[in-house]
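Student: I would like to learn how to read the contacts between chains in a model such as this one. Could we go through them one feature at a time?

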Amino acid sequence: MNATSMTVAGATLEWSPPDRGRIAMLSLIAAESAIFAIFVVAYVFYFGKSLTGPLPKDVLSVPIVYTICLLSSSLTIHFAGKSLRGGEVLTFGVWWLATIALGAAFLYGTGTEWYRLIYTEGFTISTNLFGTTYYSLVGLHAFHVIVGLVTLIIVMIFTMTGDVGSEHAERIEVLSLYWHFVDVVWIVVFTVVYVIGR
Amino acid sequence: MSTDAIALPGTELASQTFVARLHDWVTTVDHKRLGILYITYALVFMLIAGVEALMIRIQLIRPHNDFVSPQVFNRLFTMHGTTMIFFVIMPVMFGFANYLIPLMIGARDMAFPRLNAFSFWMTAFGGLLLYFSLVGANGLYGAGNAPDVGWFAYAPLTSQTFSIGHSTDFWILALLVSGFGSIGTAVNIIATVLCMRCPGMTLAKMPLFAWLNLVMAGLVILAVSPLTAAQIMLLVDRYLGGHFFDTQAGGSAVIWMHFFWVFGHPEVYVLVIPAFAFASEIIPVFSRKPIFGYSVMVGATIAIGFISMSVWAHHMFTVGMSSAANNFFVISTMAIAVPTGIKIFNWLATMWGGKIEFKIPMLFCIAFLFQFLIAGLTGIMQGAAPFDWHLGNSYFVVAHFHYVIVGGILFTLFAAVYYWFPKMSGKMCSETLGKLHFWLFIIGFHLTFDFMHIPGLLGMPRRIYTYEPGRGWDKWNFIVTIGVFFQAAGVLVFLGNLIWSYFRGKVAGSDPWDAWTLEWSTNSPPPAYNFASHPVVKSRRPLWDCKHPADPDWNYE
Amino acid sequence: MRSRGSIGGRVLGSRVFVCFGGAVLAFADPTQLTNPTNIFAPASTPAKSIFGLSLFVLAVTGAIFLVVFVLLLYSIVRFRKKGNDDGREPPQVYGSNQVEMAWTIIPILIVVALFMATARVIALVQNTSPPGNAIAVTAIGHQFWWEYRYPQLGVVTANELHLPMSDPLHPTPTFITLLSADTDHSFWVPRLGGKTDLIPNHPNRMWIDPQETGVYLGQCAQYCGTQHAKMLLRVYVQSKQDFDLWIHQQRQPASANDAVAQGQRIFETTACINCHTVSGTVANGRFGPDLTHLMSRNTIAAGAAPNTPENLRLWIRNPNAIKPGSLMPAMELNKQELDALTDYLETLR
């Protein structure tokens with residue numbers, strides 16, 4: 001049902017219900033937030049409860065650079081959306097590519113961090129309670145980044161084949177909502193794991 | 001492509017080949033067909049879970065019975081509970097929501113028809129996955145079979161140590177998969193209700209059915225997700241060596257309970273709020289009055305939704321929480337009784353001063369009112385935590401929740417089927433068979449579930465495959481089992497009625513009940529496009545306004 | 001058109017009779033013999049305070065039920081469509097703020113009253129500290145039996161809990177610490193108190209002060225696996241003298257007896273000692289029940305069978321015959337070994 005204006009019983013009736021894509025994405029984000037909330041609660045509940053094994057401050061190093069990458073990607077995707085709304089598809093493509101690159105950089109950072117933890121420190125998901133909750137929470141977030149990147153890449157492909165135009169600006173904005181959500185979740189995870197938990 | 005949702009036998013559409021018709025149904029994205037698929041799916045699983053219940057009760061008809069072994073019994077109650085909640089009640093409610101919401105709000109379909117189909121097939125697959133466990137769960141030790149950990153699967157019973165083989169994994173995966181389907185449907189319902197209403201239908205003029213399903217969908221979004229999270233954690237424990245619920249590594253068994261019941265309690269409101277929606281549509285029509293206190297009904301439902309997220313640990317009163325925590329959950333549990341009671345009083349006030357017609361849907365709704373009142377009161381009893389230190393985990397709880405789910409939800413479900421079957425199929429149900437169904441079922445229901453409270457009060461715990469003689473439980477268990485046969489007979493009559501009426505029922509016409517919401521303005525069954533042009537409404541009862549142009553609702557709302 | 005109003009009355013009438021009659025039948029005779037696990041026959045302070053609360057809650061909910069029930073019944077009789085109906089719609093009433101207010105405020109007041117009564121009992125049961133003369137028991141739940149340890153009295157036993165009676169004027173309550181060796185369990189002896197769960201890595205505490213001697217029955221009330229149904233509870237409440245005598249007997253190690261030396265040798269050289277303890281011998285396994293004073297118990301297998309020589313033989317030969325799915329393995333012994341072993345066990349008084 002799109003926005004309409006019609007005459008009913010002699011009076012003009014403005015009828016503009018909200019956009020269904022946006023509502024659906026916000027509902028999905030609400031559901032995902034609930035899932036993340038449970039993992040965060042588990043992480044916080046198990047602070048200091050590991051019976052053996054390394055503590056967070058023993059093995060974790062704060063991923064400042066990769067966090068900046070991910071958070072900047074929210075900026076670039078915002079600019080991308082603005083460009084597309086203005087009809088500048090080429091600029092949109094550039095900002096979009098930048099978003100993908102920054103997101104990929106974040107994943108690369110997570111990957112190298114985990115490599116170091118597992119192979120150098122010998123710290124895995126089964127090491128202790130901290131290991132289980134850490135890898136689950138950060139891993140769940142990384143999984144959501146991967147899913148987001150897949151959708152961004154699909155849009156990139158369509159941009160390169162010339163199938164994306166300013167008429168898709170609304171949909172791009174809805175997709176950006178998901179990406180912003182992934183970033184907000186990272187802010188929470190970062191604070192809980194690397195700031196408070198250490 | 002057919003223009004009717006269901007082809008009436010005898011029309012030229014029925015001459016499509018069987019394969020072509022099957023293909024239409026399997027690939028459909030039409031909300032009406034998906035609704036019927038959900039409802040049919042749920043009825044099939046209701047039969048299966050009903051047989052499981054029958055076997056449970058035969059085993060318990062006398063002490064030290066050996067109808068089934070303890071291992072089979074434990075699988076039976078696990079499967080019965082899991083099937084009934086996830087693959088009977090939830091799908092049937094989603095089915096009715098899918099079928100009716102677009103029609104009631106004057107839309108052509110749900111907001112996302114393909115997501116709708118995807119969600120249905122995810123749910124359907126989940127159910128098949130659960131039952132595949134019977135053959136596929138053997139695992140390395142040959143020890144697997146259907147899951148036997150209870151429908152709430154407490155840790156650490158579900159760890160690899162105590163549940164070897166793959167039976168628990170099938171439980172987890174089936175619910176994960178159908179959980180994604182549930183969230184998809186909930187997203188669809190929210191988007192449809194908020195974005196697809198016809199012109200003039202503000203939120204304040206929407207049928208209560210749409211409002212209550214909106215609240216239900218919100219609860220699904222917030223409540224099914226914690227279950228998904230907990231199950232991912234359980235899989236991490238079982239397969240990646242994680243320690244979320246590993247008490248040997250310092251993990252907590254209690255945190256599983258918290259996560260599960262944060263899902264589990266709102267879940268029962270997900271089940272019951274659509275039942276309230278049915279009652280709120282049917283009772284006014286057969287009392288010939290509008291619903292009493294529309295805004296209060298909406299407000300009370302939203303309040304129930306919110307409060308329901310804060311009562312979960314009343315399932316954990318015996319776990320050893322502090323007295324402060326216990327007190328908090330006592331207050332929240334008793335608080336939720338207030339909006340629930342308000343709803344009962346509003347239904348009562350709707351009937352008050354009306355002209356009540358005892359058609360079949362109304363019979364079931366009246367029974368619902370009495371039975372839900374009792375169910376709510378036994379809930380209050382358990383909300384008093386020290387009383388729950390006896391009643392919890394006993395047959396009193398089993399009696400209470402079956403009173404809600406069977407006496408409350410299933411009765412309104414029967415009412416809804418009899419009420420909307422004419423719309424969906426174009427035929428009226430047989431009144432005679434309907435009355436036979438009603439009486440058989442209500443006698444069986446009360447024999448079983450009234451008397452089931454007593455063994456609970458006499459100390460009988462739940463989930464036991466047999467019990468000791470000499471504790472005074474024997475004759476009550478016997479009566480409880482006898483009631484099941486009456487209920488089974490009632491359900492068979494019900495199914496027979498549906499089948500008979502589909503072929504031989506009287507033609508229904510578009511508005512057999514003289515009702516007031518938009519779905520009754522379409523043909524029965526409605527054409528695939530629902531409405532030729534978008535309706536425009538000015539009040540909550542658009543058809544009342546059409547039928548009473550001199551005294552329309554909008555003068556009074 | 002036939003009038004349908006009487007249906008409502010008949011439906012109601014049958015339901016009321018069935019419910020009420022059942023209730024009366026159940027509680028007309030709450031004696032120990034017919035209903036040994038009746039929650040309405042309390043014999044200990046926690047159980048009695050819960051009983052008091054339950055009567056209050058039942059009275060309040062009963063009153064609410066009667067009021068609403070009568071109103072519902074009245075409405076379906078009085079406002080049914082009559083046979084001589086004129087076909088007009090009744091007055092369309094949309095709501096009433098005063099009425100809504102009334103049936104919001106009154107339930108809130110009822111809820112407040114119920115909560116206050118509940119909070120009082122919660123405090124009494126949960127926030128009581130053990131007095132100096134309290135008996136301390138540690139109960140450890142296993143799949144599918146109960147381990148009891150009396151740390152200050154130096155006694156370890158299984159499945160049958162002995163406690164001294166508590167004189168209401170000079171109470172000697174028992175405080176039980178609840179632990180678990182494997183999954184979740186729950187200790188429920190209805191006449192003595194509400195149930196409390198035994199959860200691994202989550203110690204709980206409960207107390208009871210049984211005021212009459214006798215045997216109190218119960219069973220595990222949290223699903224714990226295959227034989228959850230036969231994890232029965234037997235609590236023997238004795239006079240102070242009898243209890244002290246029992247403690248004294250339980251503290252004695254098993255005495256050697258040459259007549260059953262062969263059986264003892266079988267016990268100590270097969271897998272029995274991996275799981276069981278017999279104090280005073282080399283057997284000190286902790287997975288299964290302590291057998292030092294096996295013959296002082298009336299039942300075996302956590303109440304699943306009476307403690308007779310035949311049952312004991314059967315249990316050792318084929319536990320699944322008594323409790324299918326229990327964790328006791330079938331000991332592959334020949335008849336002669338089985339006889340000798342049983343004879344030995346029969347001396348563990």
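Tutor: Let us begin with charge pairs, keeping in mind that this is a predicted model. Across the interface of chain B and chain A, the rule finds zero salt bridges.

Student: How many residue pairs are in polar contact between chain B and chain A?

Tutor: Polar contacts rest on pairs of N or O atoms, and between chain B and chain A the count is seven residue pairs, both residues being at pLDDT 80 or more. The elements of chain B that give two or more residues to the side touching chain A are α5 (167–195), α6 (208–239) and α7 (253–287), and α6(B) gives the most, with nine residues. By class, that side of chain B has 25 nonpolar, 12 polar and one charged residues.

Student: What area do chain B and chain A bury between them, and which three residues of chain B supply more of it than any other three?

Tutor: Chain B and chain A bury about 3,000 Å² between them, with 80% of it on carbon and sulfur atoms. Of the area that chain B buries against chain A, 18% is supplied by C195(B), H243(B) and F244(B), more than by any other three residues. In terms of residues in contact, 38 of chain B meet 33 of chain A.

Student: How should I read the contact of chain C with chain B, and how many residues does it take from each chain?

Tutor: The same kinds of count can be read in turn. The contact takes 100 residues from chain C and 108 residues from chain B, and the area buried between these chains is about 8,800 Å², of which carbon and sulfur atoms give 69%. Between chain C and chain B the count is four salt bridges; K81(C), for example, forms a salt bridge with E357(B), where the closest N and O atoms are 2.7 Å apart. There are also 37 residue pairs in polar contact between chain C and chain B, both residues being at pLDDT 80 or more.

Student: Which elements of chain C supply at least two residues of the side that touches chain B?

Tutor: They are α1 (5–27), α2 (45–78), α3 (97–126), β7 (196–198) and β9 (214–219) of chain C, and the largest share, 16 residues, comes from α2(C). By class, this side of chain C has 53 nonpolar, 32 polar and 15 charged residues.

Student: How do I read aromatic pairs, and why is the pair of Y556(B) and Y94(C) assigned to its class?

Tutor: The class of a pair follows from the angle between the ring planes, and planes under 30 degrees apart count as stacked. Over all chains, the structure holds 90 aromatic pairs. The rings of Y556(B) and Y94(C) have their centres 5.7 Å apart and their planes at 15°, so this pair is stacked. Because Y556(B) lies in the segment after α17 (542–547) of chain B and Y94(C) in the loop between α2 and α3 of chain C, the pair joins two chains.

Student: Is T378(B) buried or exposed, and where is its place in chain B?

Tutor: Accessibility is read against a cut-off, and buried means under 20% relative accessible area. T378(B), which has its place in helix α11 (residues 360–383) of chain B, has a relative accessible area of 5% and is therefore buried. Leaving aside residues up to four places away in sequence, T378(B) touches F396(B), H400(B) and H453(B). Y556(B), by contrast, counts as partly exposed at 46% relative accessibility.

Definitions and conventions:
Residues numbered from 1 in each chain as written. Chains lettered and ligands numbered in written order. Predicted model: local features only at pLDDT ≥ 70, side-chain atom pairs only at ≥ 80, totals over all residues. Heavy atoms only, no water. Contact = heavy atoms within 4.5 Å. Buried area = accessible area lost by both parts, 1.4 Å probe. Salt bridge = Lys/Arg side-chain N within 4 Å of Asp/Glu carboxyl O. Polar contact = N/O pair within 3.5 Å; in protein donor to acceptor, adjacent residues only side chain to side chain. Helix = DSSP H or I, 4+ residues; strand = E, 2+ residues; numbered from the N terminus. Nonpolar A, V, L, I, M, F, W, Y, C, P; charged D, E, K, R; others polar. Phe/Tyr/Trp six-rings, centres within 6.5 Å; stacked < 30°, edge-to-face > 60°. Buried < 20%, exposed > 50% of the residue type's maximum accessible area, 1.4 Å probe, protein only.
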